[in-house]
Amino acid sequence: MDALDSTLLAARWQFAITISFHIVLAALTIGLANFLMVLEGLWLWRGRKVYLDVYRYWLKIFALNVAVGTASGLILEYQFGLNWSRLSMLAGDILGPLMFYEVLAAFFLEAGFLGIMLFGMKRVGPRLHFFATCAVAAGSLISAFWILSANSWMQTPAGYIIDIDGRFIAQDWWAIIFNPSFPYRLVHMTLAAWLGTATLVAGAGAWQLLKTPDNPRARLQYSMALWTILVLAPAQIVVGHFHAEHTLRVQPQKLAAIEGSWTRPPDGAGEPMRLFAVPDMVARRNHWEVAIPRAGSLYLHYNLTGTIVALDEFAPRDIPPVPIVFFAFRLMVGFGLLMLGQGVTGWILRRRQRSFAAPWMLRSCVLMAPAGLLAMLCGWTVTEVGRQPFTVYGVLRTADSVSSLSGQQVLVSTALILVFYLVIFGIGLWVLLRILRSPPHEDEPGPQPTLANETGHR
């Protein structure tokens, strides 16, 4: 392995580590902010204090998530500038403004109202406080809008020209922002964030109900989470299907890797649905393949004879790492089907008046607590690894985007980042579990203000 290959591999590993940690916190920020908005809205509408108690309980977890997420976000920006300076130089005229809009429209909106949301319950009226909660929730979605617009542009670039120096120059900002894959990714990621939060809330509520079965606040959050999963899990499957259809048109290598399709079937044989296989990048074939004949044609082309562009129709240097994409996609689908089953089972138990009287369901929800977030991580793995070997798909290769650093330098910084993450996330997880082990109580206290603020209030 030469110096460039070692640097590239080390930089990609560092990006994978930093984005995997941060994306979980970003998704929880979106999900929890909107969950809190719904809770406070229901409290103002119905006047039941149980909603306010659950709101204050999860507000503490939201504050913890924002604190840890801010630290991980700073590290993500650091590694992006350190390891991918050539990408910044060549595509900065497009990616820079998109990231600026994210900071301007979202970060300041969230930061400006976060203090009111956390510590203003007794200092402003309930309507103004609810407005602050809505502003933070809206800010989280606006942030996702701009981040996903930038990422989607790298997946399906549009609205640009390349100048004589190889730099991407914006020509049509409307086409850049609303690039072809952006609507699919925005909806898919937003649903993923809500589902990841819902499985976490359901798991926490189930754990608390196993210890205190009659706690009305634990029942409330558990019930709301299962309703959310019941509605959003099938919606996510439908959105994911249309997203895959679009990927077939704009990123055929990725779709071929997802399907594990090395060669086209004979005319009329149709595309199989490969349930399991071990893709071999060297032999360019699958081992131990288990497939359903023609089933792939049915969901990809709505017939029994259609096929897709196979991997052997591309140059070997343009093919992504097939095993990673292949297995990550199946894990994502598997978690999605489990969430669908979780929602349907919860609905059946609800109709039988046994929502809180089935210990086996409560235990399964505890086990399913990380399922939504794991499905999201698998989906991002498919998205990012399936785009390889390009950073800007079809135009700029990843090898041409990396900084002029040695692999050893990147590995040292990766080790330092990993240590930092393990410390910060370890502390954050410890605090989170301490909060979740006890259910919300009546007159649940929210996040506590500083001593100076409390003294000033008195």
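Here's a short tour of a predicted model, stop by stop, with something to select at each one.

**Stop 1: His246.** Start by selecting His246, which you'll find in helix α7, the run covering residues 216–250. Is this histidine buried or exposed? It's buried: the relative accessible area comes out at 6%, and the cut-off for that label is under 20%. Now bring up what sits around the side chain. Setting aside neighbours within four places in sequence, His246 is in contact with Pro180, Ser181 and Tyr184. Show those three together with His246 and you have the whole set of contacts from beyond that sequence window.

**Stop 2: Phe107.** Next, jump to helix α3, residues 85–119, and pick out Phe107. Phe107 is partly exposed, at 47% relative accessibility. While you're here, add His188 to the selection and draw a distance between the two C-alpha atoms: you should get 22 Å. Along the sequence, Phe107 and His188 are 81 residues apart.

**Stop 3: the cysteines.** Finish with the sulfurs. A disulfide is a covalent bond between the sulfur atoms of two cysteines. How many disulfides does the model have? The count is zero, going by a cut-off of 2.5 Å between sulfur atoms.

Select Cys378 and Cys365 to look at one case. Why is there no bond for Cys378? The closest cysteine sulfur to its own is the one in Cys365, and that is 20 Å away, so it's too far for a bond. Cys378 is also buried, at 11% relative accessibility. For another cysteine, click on Cys134: this one counts as partly exposed, with a relative accessibility of 23%.

Notes: Residues numbered from 1 in each chain as written. Predicted model: local features only at pLDDT ≥ 70, side-chain atom pairs only at ≥ 80, totals over all residues. Heavy atoms only, no water. Helix = DSSP H or I, 4+ residues; strand = E, 2+ residues; numbered from the N terminus. Buried < 20%, exposed > 50% of the residue type's maximum accessible area, 1.4 Å probe, protein only. Contact = heavy atoms within 4.5 Å.
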